[in-house]
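Here's a quick briefing for anyone meeting this structure for the first time. Take a look at the model, then read on for two spots to explore.

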Amino acid sequence: MKIALLHSTNPSRKAAVNKDLNGGLGTADEYGRSLGGRLLTFLKRKYVCLPVVSIAHIQAILKRQGHAVEYFEDRLPCEPFDVALLLGSLVDLQNENRIAAETKRRFPNSRVGVFGPFPARFPGQYPATDFVIGGEAEAFFLECGAERMLCEDGLIRNDATLDLNDLPAPDYSGFPIERYSYAPMLPRRPYLPLLASKGCPYSCRFYCSYGEYQGPRIRQRRAELVYADLRYVARAYGARSVQFRDPLFGMDRSWVLDFCQLLIERPLDVEWGMETRADLLTPELLERMHAAGLRSVNLGVETGDARIAKANRRKLVDDDHQTMILEHAKRIGVRINAFFMLGLEGDTPESMRATADFALAADPTAARFSVSTPYPGTGFYEQLARENRLNGAPLEQHNQFTLVHKHPNLTPLQVERALVRAYLRFYLRPAYIAKTAFGVWRSNSRLFADNRRRAPDATAVPATIGPAGGVRTASAADIATGSSGLFRKMEEYFGRLSGQLRQVEMTLMQADARQLDQFVRHLEQRSAIEPAKNRATPGTFKNGAASRPVRVGLPMLDRNGEDAEQSLRTMRTEVAQLTRQVRLFAEHHADAAQTAHSVS
């Protein structure tokens, strides 16, 4: 049988759509129409692009059964197939129906179907298809085979439960792997996702799609099979980073230790990340996983307010333990991406601001702010429907970034502005920008040093002009000495700069709500920032051929509106200057790294 697997997102939609997230319902990151919101959406589209691991598993299953399978992403087949099977989601529902109808129009004799957690639960939402696969599609193909797609219409019932140990390794043939990325948490590319478990036993099932759609029981793939999957994608596709798409990685600690032992005994040049709860981690476990290649952890923090958490049936992790895990992760080099939620039941403008303050105080590597969303099929959705609090928003707007129900304390505009403001406060901190830039530079420096160590000392690199005017050949040792001095100077420079940047950051954190509103309006209304007046403290770093001052101002935010706006404008300009300076350093160092790479 010839089968086409289709995965398409609406090209005219500006949102950053990723259908592998949110339990397969998908997310569509849309941060509003303001300048700040559009900027955030653009960055998310550019740096977070994820393939769908379930499609890769289905492709492997069908090929193993002898079918001819081809994968199409954001494009349609040019010739007819026996079956065209489309991935369905909540956040791209209309586009998926359009794709199904267009495929049927082009190839009227082909069968067009849809699969995924959302269409399996709500098959009536896909009138343009011939059939909808119920239950888990992987289990359907393993237990029932593909032939039923040729003869059954409507919902094809499937009660089989997927045993993850029966899955073959994911087949990413035909996937545009060069497109995929998960920055800044796993910056090494190529990037691919894997699956080690399904299910979540916590009470968050009331509002969370993972627990509702995957069930409360943890289904775990054997450690040796997961290791084999990791080794396979590294060898077959050159993967250098992998994110495990488990909703709760590491519930079984003995499994985690077995998996880490395999990676330590037979190491792979692959960094990996996971999503879990802080109360499932200890410093010792983090260190063990770090030794096995762990470099990224997604943590669901959500709120620091125990009263709001209780009202939303959320179990908070002890603050002291959570802080300890965050700090220990930073020390050993594990990036933390903390998830926070706005617009929860009981939230007010003040409590949403407190959540942003909580994120700033925790200071993880990255922060993801989203809006409390009732997903169809969850208890939260049913409760709001009974209370007549759903506002009639289209299903596609249930995307984690739009308030789709009537909130007693908040309007959609208030939530949208709080969301954008939280992102700007977190990511536009001068100290955060400097720290992130230096972290990237330092990571590249270590890669450069590794290349130098692999290069023989006697190996020649491009010639340079010697002290007496003659031509001499620089050795790898010369490069090592020069780069080491450059690295020390950079460390000293950023060390001096960090104190000044921290003061700028603290003034922003201490600004009152009115001044922050002015800042947001300022970003919305201005596409260019006026040059700052000379109110800066100069700092200079020289790297030989390039020398350029960085001006770091320490503006004070007082109660005068014009002064506050001018201060924030000055801070924004100085951040841009700092960014340009860091880019100059990065370009200079990239040239040196390229030279050293040619040595090895």
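Let's start with what helix H9 leans on: its buried residues pack against helix H8 (253-265), strand S15 (271-276), strand S16 (294-302) and helix H11 (319-332). Keep in mind that this is a predicted model. After H9, we'll turn to a pair of helices, H12 and H14.

**Helix H9 and its two sides**

- H9 covers residues 283-291, and its buried residues are Pro283, Leu285, Leu286 and Met289.
- Looking down the axis of H9, you'd find those buried residues within an arc of 160°, so they line one face of the helix.
- An α-helix has 3.6 residues a turn, so residues three or four places apart point the same way.
- Glu284 and Ala291 sit on the other side of H9, where they are exposed.
- Gly293 follows H9, and its phi is positive, near 115°.

**Where H12 meets H14**

- Helix H12 (residues 349-362) packs with helix H14 (residues 412-427) at an angle of about 20°, and their axes are 10 Å apart.
- That angle makes H12 roughly parallel to H14.
- As for handedness, H12 and H14 make a right-handed crossing.
- On the H12 side, the residues in contact are Pro349, Met352, Arg353, Ala356, Asp357, Ala359 and Leu360.
- Across from them, H14 brings Gln414, Val415, Ala418, Ala422, Arg425 and Phe426.
- Sorted by class, this contact between H12 and H14 has 9 nonpolar residues, 1 polar and 3 charged.

Conventions:
Residues are numbered from 1 along each chain as its sequence is written. This is a predicted model: local features need pLDDT of at least 70, side-chain atom pairs count only at pLDDT 80 or more; totals for chains, interfaces and linings use all residues. Side-chain values use heavy atoms; hydrogens and water are left out. Buried means under 20% relative accessible area, exposed over 50%, partly exposed in between (1.4 Å probe, protein chains only). Helices (H or I, at least four residues) and strands (E, at least two) are DSSP runs, numbered from the N terminus. The arc is that of the directions from the helix axis to the C-beta atoms. Contact means heavy atoms within 4.5 Å. Axes are lines fitted to C-alpha atoms, for helices over the stretch in contact, and angles run from 0 to 180 degrees between N-to-C directions. Angles under 35 degrees count as roughly parallel, over 145 as roughly antiparallel, 65 to 115 as roughly perpendicular and the rest as oblique. A crossing is left-handed if the near helix is turned anticlockwise from the far one by less than a right angle, and right-handed if clockwise. Ala, Val, Leu, Ile, Met, Phe, Trp, Tyr, Cys and Pro count as nonpolar, Asp, Glu, Lys and Arg as charged, and the others, Gly among them, as polar.
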